[in-house]
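Colleague: I am new to this one. Let me ask how each label is earned.
Modeller: Go ahead.

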Amino acid sequence: MSDCIFCKLASGEIPTNKVYEDDTVLAFHDMDPQAPTHILVIPKAHIASASEIDESNSTVIAHIFEVIAKIAAENGFENDFRVVNNCGARAGQTVHHLHFHLMSGREFTWPAG
């Protein structure tokens, strides 16, 4: 997607504060953090939202969660983090490229906060 900001970050067209990168996943610090640690984890391939996950791309999603666990362990919060995904505008998705918010470093409330 030529106008997708996350596609541009994934391709290196726009620089970012990388935490992790491999052939299929990019993780970087959120520019508007909602917690002391707030990292976005995205697939490099454009998937618009969780509603587009199917058998053709579900292995990428499994890999994203492996990466999330690895980042948490490497940063010492493997037992104390939240993962959030917003699907659709009414749920708060503002960038229509699948992404997961990995947050830690404070107490969280339910359902928001």
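Colleague: Why is Lys 44 called partly exposed?
Modeller: The model is a predicted one. In it, Lys 44 has a relative accessible area of 23%. Buried means under 20% and exposed means over 50%. The value of 23% falls in between, so Lys 44 is partly exposed.

Colleague: What makes Lys 44 and Glu 21 a salt bridge?
Modeller: Their side chains meet at 2.7 Å, N to O. The cut-off is 4 Å, so the pair qualifies. The two residues are 23 apart in the chain. Lys 44 sits in the loop between strand 3 and helix 2, and Glu 21 sits in strand 1.

Colleague: Which residues are linked with them in a network of salt bridges?
Modeller: The network joins Lys 18, Glu 21 and Lys 44. Between Glu 21 and Lys 18, the closest N and O atoms are 2.6 Å apart. That is within 4 Å, so this pair counts too.

Colleague: How do you know that Lys 70 and Glu 74 form a salt bridge?
Modeller: Their closest N and O atoms are 3.8 Å apart. The limit is 4 Å, so they pass. Both residues lie in helix 2, about one turn of the helix apart.

Colleague: Why is Glu 74 called exposed, while Lys 70 is called partly exposed?
Modeller: Glu 74 has 55% relative accessibility. Exposed means over 50%, so Glu 74 earns the word. Lys 70 stands at 41%, between the 20% and 50% limits, so Lys 70 is partly exposed.

Colleague: Why does Asp 22 have no salt bridge?
Modeller: The nearest side chain of opposite charge is Lys 44, 5.9 Å away. A salt bridge needs 4 Å or less, so this pair fails. Asp 22 is buried all the same.

Colleague: What does the side chain of Asp 22 reach at 2.8 Å?
Modeller: The backbone nitrogen of Val 25. There is also a polar contact with the side chain of Tyr 20, again given as 2.8 Å. The cut-off for a polar contact is 3.5 Å, so the Tyr 20 pair is inside it.

Colleague: Which element gives the most to the largest nonpolar core?
Modeller: Helix 2, with 7 residues. This core has 17 residues. Val 41, Ile 64 and Ile 71 have the most contacts inside it.

Colleague: What does Ile 64 touch, beyond four places in sequence?
Modeller: Val 25, Val 41, Ile 42, Pro 43 and Phe 100. Apart from this core lies another, of 10 residues, including Leu 9 and Phe 28.

Conventions. Residues numbered from 1 in each chain as written. Predicted model: local features only at pLDDT ≥ 70, side-chain atom pairs only at ≥ 80, totals over all residues. Heavy atoms only, no water. Core = buried A, V, L, I, M, F, W, Y, C linked by side-chain atoms within 4.5 Å. Buried < 20%, exposed > 50% of the residue type's maximum accessible area, 1.4 Å probe, protein only. Helix = DSSP H or I, 4+ residues; strand = E, 2+ residues; numbered from the N terminus. Contact = heavy atoms within 4.5 Å. Lys, Arg positive; Asp, Glu negative; His and termini not counted. Polar contact = N/O pair within 3.5 Å; in protein donor to acceptor, adjacent residues only side chain to side chain.
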